[in-house]
Amino acid sequence: MEMSTFVLLSLVVCVSAFVQGAVGVGFALIVAPIFSIVQPELVPVTLLVIMLPLNFYVWWRERSALDLPGLGWITLGRTVGGFLGAAILLWISTRSLNIFIGVSTILAAVASLAAPSFRPGLKSLLGAGFITGVTETATGIGGPPLALVYQHHPPAALRSTIAACFFVGEVISLVMLAVGGQISASLLLQSVYLIPAVIVGVAISCAVHHRIGGAGLRAGVMIFAIAAGLFLTVREFV
């Protein structure tokens with residue numbers, strides 16, 4: 001990785017870690033399209049690895065607000081979806097994967113913005129887990145379905161539960177990708193280089209997370225994600 005690319009990606013990772021640490025969603029929605037544009041081989045393995053410390057910390061920081069039953073049902077659905085996500089990586093080309101990432105990002109962001117207020121039940125939790133398993137294992141993006149079911153919960157519950165779901169799910173996805181031969185020493189090394197940017201971003205978020213309700217910033221993240229997804233999709237056709 002060239003130094004200019006490393007600096008750019010570190011800045012993106014730092015800002016995204018701040019957003020997720022403060023709001024509870026947004027890291028992969030921002031990072032995955034940019035990684036796919038600048039350094040596509042980093043998706044999904046490096047993206048999943050660098051999210052591990054971020055989500056573990058946010059989960060631990062607000063563990064008292066964790067929705068434990070929801071975590072269990074989402075993890076069950078996510079485990080099943082993860083097998084399909086791992087298979088997708090073996091079936092499609094890089095160009096198709098980029099289009100899949102772009103379209104998935106746009107649809108997920110639009111759905112999160114348009115969803116009415118509701119209280120998630122068993123079916124919605126299992127469904128969100130399954131979709132997250134497919135998209136996060138294949139592309140590194142898993143937040144929108146979870147944000148959809150938790151967006152009307154108190155901010156601390158949203159942040160802690162989504163972070164816990166992410167952490168458990170990322171471990172599952174990485175195991176599946178390792179079994180499928182998708183993880184290399186080079187990708188792990190590049191992940192290590194980017195982790196300091198994650199630490200800085202989440203550390204800054206600690207100063208403001210308790211002051212943020214999330215609606216305005218979350219909407220901004222989703223709008224950015226739509227723009228990034230459009231760019232990633234359109235460039236594969238020009």
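This is a walk through a predicted model, one selection at a time.

**Stop 1: the core**

Start with F27, F35 and L47. They have the most contacts inside the largest nonpolar core, which has 58 residues. Now colour helix α3, residues 45-61: with nine residues, α3 gives the most to this core.

Zoom in on F27 and show what surrounds it. Skipping neighbours within four places in sequence, F27 is in contact with V13, S16, A17 and Q20, with L47, I50, M51 and L54, and also with V198.

**Stop 2: α1 against α3**

Keep α3 on screen and add helix α1, residues 3-23. The axes of the two helices come within 11 Å and cross at roughly 25 degrees. Angles under 35 degrees count as roughly parallel, so α1 is roughly parallel to α3. Their crossing is right-handed.

To see the contact itself, select V13, A17, Q20 and G21 on the α1 side, then I50, L54, N55, V58 and R61 on the α3 side. Colour by class and you should get five nonpolar residues, three polar and one charged.

**Stop 3: N55**

Stay in helix α3 and pick out N55. Is N55 buried or exposed? It has 0% relative accessibility, so N55 counts as buried. Leaving out neighbours within four places in sequence, N55 is in contact with Q20, A163, F166, F167 and E170.

Try a distance here too: the C-alpha atoms of N55 and C165 are separated by 8.6 Å, though these positions lie 110 residues apart along the chain.

**Stop 4: the loop before α3**

Next, move to the loop between α2 (27-38) and α3, and select Q39. Its relative accessible area is 12%, so Q39 is buried. Which residues does Q39 touch, not counting those up to four places away in sequence? Show M1, T5, L9, I34 and Q190 as sticks and you have the set.

The loop between α2 and α3 also holds P44. Have a look at the backbone there: the peptide bond from V43 to P44 is cis, with omega near 5 degrees.

**Stop 5: α1 against α9**

Bring α1 back and add helix α9, residues 185-205. These axes come within 7 Å and cross at roughly 35 degrees. The crossing of α1 and α9 is right-handed.

For the contact, here is what to select:

- from α1: F6, L9, S10, V13, C14, A17, F18, G21 and A22
- from α9: Y193, L194, A197, V198, V200, G201, V202, I204 and S205

By class, the contact of α1 with α9 has 14 nonpolar residues, four polar and no charged ones.

Now single out S205 in helix α9. S205 has 0% relative accessibility, so it counts as buried. Beyond residues up to four places away in sequence, S205 touches F18, G21, A22 and R61.

**Stop 6: α4 against α8**

Hide what you have and show helix α4 (residues 68-91) with helix α8 (residues 155-179). They pack at an angle of about 30 degrees, with their axes 9 Å apart. α4 passes α8 in a right-handed crossing.

The selections for this contact are as follows:

- from α4: L71, I74, T75, R78, T79, G82, F83, A86 and L89
- from α8: A164, C165, V168, G169, E170, I172, S173, M176 and L177

What is the mix of classes in the contact of α4 with α8? The residues divide into eleven nonpolar, five polar and two charged.

**Stop 7: I88**

While helix α4 is displayed, click on I88. At 12% relative accessibility, I88 counts as buried. Set aside neighbours within four places in sequence, and I88 is in contact with F100, V134 and A138. If you draw a line between the C-alpha atoms of I88 and T135, it should read 9.5 Å, for two residues 47 places apart along the chain.

**Stop 8: R211**

Finish in the loop between α9 and α10 (215-234), where you will find R211. Is R211 buried or exposed? Its relative accessible area is 65%, so R211 is exposed. As a last distance, go from R211 to W73: their C-alpha atoms are separated by 30 Å, and the two residues are 138 apart along the chain.

Conventions: Residues are numbered from 1 along each chain as its sequence is written. This is a predicted model: local features need pLDDT of at least 70, side-chain atom pairs count only at pLDDT 80 or more; totals for chains, interfaces and linings use all residues. Side-chain values use heavy atoms; hydrogens and water are left out. A nonpolar core is a set of buried Ala, Val, Leu, Ile, Met, Phe, Trp, Tyr and Cys residues joined through side-chain atoms within 4.5 Å. Buried means under 20% relative accessible area, exposed over 50%, partly exposed in between (1.4 Å probe, protein chains only). Helices (H or I, at least four residues) and strands (E, at least two) are DSSP runs, numbered from the N terminus. Contact means heavy atoms within 4.5 Å. Axes are lines fitted to C-alpha atoms, for helices over the stretch in contact, and angles run from 0 to 180 degrees between N-to-C directions. Angles under 35 degrees count as roughly parallel, over 145 as roughly antiparallel, 65 to 115 as roughly perpendicular and the rest as oblique. A crossing is left-handed if the near helix is turned anticlockwise from the far one by less than a right angle, and right-handed if clockwise. Ala, Val, Leu, Ile, Met, Phe, Trp, Tyr, Cys and Pro count as nonpolar, Asp, Glu, Lys and Arg as charged, and the others, Gly among them, as polar.
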